[in-house]
Amino acid sequence: MSKEVLSVKNLNMHYETLSGDVHAVKDVSFSVKEGESFGLVGESGCGKTSVAMSLLQLQADNAKISSGSIQLDGVELVGMNESELRKVRWDGISIVFQGAMNAWNPVVKVGEQIREAIREHYPEKSKAENTEKIESLFKMVGLDAAVIDRFPHELSGGMKQRAIIALALSCDPKVVIADEPTTALDVVIQDQILNEIKKVQQLLGLSLIYISHDIAVIAEMTDQMAVMYAGSIVEIGPTEKVFSTPKHAYTRLLLESTPSVVGEKKKLRSLDGEPPSLINEIIGCSFSPRCPDPSSDCENPIKEMGLVEIEPGHFADNCCVDCG
Amino acid sequence: MKKNVIEVKNLEKYYEVSGGFFSRNKDIVKAVDDISFEIPFGESLGLVGQSGCGKTTTARALCLLDPKTGGDVKFYNNETENMQNIDNLEDEELKKFRRNIQMIFQDPYESLNPRWTIKDIILEPLNIHNIGDLQDREEAVVEILKTVGLTPASNYLPRYPHELSGGQRQRVSIARTLIMKPKFVVCDEPTSMLDVSIRISIMDLMLNLAKDLEVSYLYITHDLAVARYMCNRIAVMFNGKIVEIAETEELLNNPIHPYTKRLISSIPVPDPSYDRKVYDVNYDELDAIIAKHGTDNPMVDIGNEHYISTHDVKGLI
Ligand SMILES: Nc1ncnc2c1ncn2[C@@H]1O[C@H](COP(=O)(O)OP(=O)(O)OP(=O)(O)O)[C@@H](O)[C@H]1O
Ligand SMILES: Nc1ncnc2c1ncn2[C@@H]1O[C@H](COP(=O)(O)OP(=O)(O)OP(=O)(O)O)[C@@H](O)[C@H]1O
Ligand code: SF4
Ligand SMILES: [Mg+2]
Ligand SMILES: [Mg+2]
């Protein structure tokens with residue numbers, strides 16, 4: 001058994017806004033083992049990026065972690081001060097931000113921007129060593145060494161995204177978070193990048209947290225996965241199990257709303273309505289207003305919420321387990 | 001015989017761009033290079049292919065948003081019951097054409113005027129084409145909002161685009177298109193950031209309209225899985241050309257062109273226990289077809305109305 005690298009327990013995070021606190025991360029717990037790939041899936045606005053940002057404590061200024069624990073290799077990150085955190089970022093946990101390929105500084109060569117990141121963490125390394133490192137990273141992600149001397153606008157979207165992945169790997173992190181790394185790219189380029197990420201992950205034995213709203217990509221990329229709805233994890237377990245025996249009504253709907261090029265052509269189900277506001281406290285099942293087949297029991301507001309194990313390693317929200 | 005709503009023959013759109021830094025010559029970009037297809041009433045054709053292959057350029061040329069540089073486009077005229085060339089349309093006929101062919105830009109963020117209310121946005125095409133009196137128009141707006149699932153309408157009419165979610169904005173742009181009761185709709189879907197579930201309800205809505213009102217679609221996407229759900233036939237575009245066109249299931253089960261194989265192999269499958277079929281992208285089957293049929297015809301039918309381009313693509317894919 002490989003060991004747990006990252007362990008998140010009962011994490012709560014909210015954004016303070018004029019109209020009230022937006023509870024974007026509610027009582028979230030999960031762990032990631034060495035070399036494992038963990039997927040986080042859910043519709044837009046459910047809190048995926050908020051979870052990622054909390055892990056690195058890189059959230060917006062109005063964000064507050066109110067409780068919970070985040071341990072990296074047994075070291076608690078919640079409560080660390082900024083300089084301690086800076087050490088953890090990049091070489092402990094690094095992140096490929098959502099939309100990051102558009103965040104390159106346009107007037108600095110790509111190689112120079114990566115070199116800067118390495119320099120901050122390993123000031124003792126020589127320029128030649130760093131160049132060698134960058135060349136090997138570029139090779140890993142399928143980029144020509146010549147790209148080091150290119151400006152961002154001289155690269156295609158796919159090339160920029162590969163360079164971002166090289167940047168995320170530049171300080172030898174244990175855990176890499178990839179937040180929708182291919183959403184802006186077309187399917188052919190997406191496929192190449194996914195293969196690149198898989199290859200690098202295996203080669204370096206990295207732990208990967210892969211965030212996407214696309215359940216097909218999660219199926220391809222991950223060993224374990226969690227389904228998020230309205231700030232909470234409603235189902236979590238081995239990816240194969242979640243797909244073969246989905247328990248929560250929301251998970252089932254997600255699976256039944258995804259078109260596929262293989263298998264019988266099925267009528268797909270749509271998910272109507274809006275996700276609930278994250279400002280008001282939600283009593284009972286947060287999915288019930290949009291649930292296609294609620295049972296009479298779902299209305300029961302005093303039901304205990306929380307994850308229960310339905311088969312080894314596979315958990316779903318208690319509320320839905322009862323009525324499903 | 002099926003009646004076609006649109007017939008496209010040898011369509012070309014070339015752009016002149018400046019050559020290198022020191023060159024005074026102009027280079028020609030063949031964004032759309034000799035493509036042909038037709039779409040029967042009530043059917044939809046998927047146009048799929050990699051970024052930059054010419055999909056949007058095709059769409060814009062069909063809708064007369066940009067002038068084509070070659071080829072013919074014919075559109076069904078329901079008065080003469082004949083196909084009518086869209087070149088040289090004038091006044092009333094041009095206006096009628098514009099009413100019957102509509103384009104949905106699937107990026108709802110850019111296509112809705114941020115300073116207009118939803119009501120004004122949807123009313124605009126009726127005002128432009130001077131359809132009905134004000135009361136008719138307002139009733140039509142309420143009706144169409146119901147059709148796209150934005151109810152009660154009174155909730156949405158006074159809002160501005162930024163006060164809606166992405167999926168709702170997309171419905172508004174569809175409502176604005178459909179209020180004209182077009183016969184043919186071109187949907188250009190860029191890599192959609194939208195959740196699938198929202199996409200499905202919009203796709204279902206469009207499929208119902210195809211069934212009930214015989215609306216036809218040209219549906220542009222990168223995603224073959226989406227095209228499969230929406231389309232009767234699929235045309236695969238590569239480098240400005242259609243390289244393969246066939247009935248949807250035939251194309252997915254029996255891809256011949258190396259680029260189609262490449263594309264199908266790139267689509268992730270929403271099933272972790274499924275080992276995705278990765279085609280060997282070689283030219284053997286294409287070579288055999290070229291050897292048999294020659295290259296005089298740009299597209300040859302290999303049976304089942306499955307067409308393959310005989311154009312030389314060696315080394316490009
Ligand atoms: N700085 C902020 N202040 C207030 N609310 C915020 C802030 N950032 C995010 N939110 C809200 O928190 C919720 C979760 O946002 P988050 O970005 O985590 O969603 P997501 O799951 O990553 O969505 P997407 O798939 O669209 O990227 C949303 O309702 C969002 O509007
Ligand atoms: N106004 C223009 N001037 C010169 N070249 C152009 C112009 N518009 C488009 N092109 C070129 O024509 C080709 C086709 O572009 P088009 O926008 O049709 O691609 P697309 O298939 O819609 O791609 P995407 O999936 O990224 O939207 C590209 O190489 C593009 O650079
Ligand atoms: S608990 Fe009931 S209402 Fe909630 S998702 Fe499950 S079945 Fe639907
Ligand atoms: Mg996000
Ligand atoms: Mg386009």
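How much area do domain 1 of chain A and domain 2 of chain A bury between them? In this predicted model, the two domains bury about 850 Å² between them, and 64% of that area is on carbon and sulfur atoms. Three residues are worth finding on your screen straight away: A:Lys26, A:Glu43 and A:Ile215 supply 48% of the area that domain 1 of chain A buries against domain 2 of chain A, more than any other three residues.

To get your bearings, look at how chain A is divided. Domain 1 covers residues 4-222, and domain 2 covers residues 251-324. Taken over C-alpha atoms, the centres of these two domains of chain A are separated by 29 Å. Where they meet, 11 residues of domain 1 of chain A are in contact with 9 residues of domain 2 of chain A.

Now zoom in on that meeting place. The rule finds 1 salt bridge across the interface of the two domains of chain A. You can see a salt bridge between the side chains of A:Glu43 and A:Arg290, at 2.8 Å from N to O. A:Glu43 is also one of the three residues that together supply 48% of the area domain 1 of chain A buries here. Counting residue pairs in polar contact, with both residues at pLDDT 80 or more, gives 2 between the two domains of chain A. On the domain 1 side, strand 2 of chain A (residues 20-33) brings the largest share, with 6 residues. Sorted by character, the residues on this side of domain 1 of chain A are 4 nonpolar, 4 polar and 3 charged.

Next, let's visit two of the ligands. Around ligand 1 there are 17 residues, and those that come nearest are A:Ser44, A:Gly45, A:Lys48, A:Thr49 and A:Ser50. Several atoms here are worth picking out. A backbone N or O atom of A:Gly45 sits 2.8 Å from an oxygen atom of ligand 1, while a polar backbone atom of A:Gly47 is 2.9 Å from an oxygen atom of this ligand. A:Gln98 uses its side chain instead, with a polar atom 2.9 Å from an oxygen atom of ligand 1.

Ligand 3 has its own set of neighbours. It is surrounded by 12 residues, and the closest are A:Cys285, A:Cys291, A:Cys298, A:Cys319 and A:Cys320. Helix 10 of chain A (residues 318-323) gives the largest share of this shell, 3 residues. The shell around ligand 3 divides into 9 nonpolar residues, 2 polar and 1 charged.

Finally, step back to see both chains. How many residues of chain A are in contact with chain B? There are 39, and they meet 37 residues of chain B. The size of an interface is often given as the accessible area lost when the parts come together. Between chain A and chain B, the buried area is about 3,300 Å², with carbon and sulfur atoms giving 60% of it.

The rule finds 3 salt bridges across this interface of chain A and chain B. You can look at a salt bridge joining the side chains of A:Glu220 and B:Arg276, at 2.6 Å from N to O. There are also 10 residue pairs in polar contact between chain A and chain B, with both residues at pLDDT 80 or more. On the chain A side, the elements that give two or more residues are helix 6 (187-204), helix 7 (215-221) and helix 8 (239-244). Helix 6 of chain A makes the largest share, with 6 residues. The side of chain A that touches chain B is made of 15 nonpolar, 12 polar and 12 charged residues.

Key:
Residues numbered from 1 in each chain as written. Chains lettered and ligands numbered in written order. Predicted model: local features only at pLDDT ≥ 70, side-chain atom pairs only at ≥ 80, totals over all residues. Heavy atoms only, no water. Domains from an automatic or database assignment. Contact = heavy atoms within 4.5 Å. Buried area = accessible area lost by both parts, 1.4 Å probe. Salt bridge = Lys/Arg side-chain N within 4 Å of Asp/Glu carboxyl O. Polar contact = N/O pair within 3.5 Å; in protein donor to acceptor, adjacent residues only side chain to side chain. Helix = DSSP H or I, 4+ residues; strand = E, 2+ residues; numbered from the N terminus. Nonpolar A, V, L, I, M, F, W, Y, C, P; charged D, E, K, R; others polar. Near = heavy atom within 4 Å.
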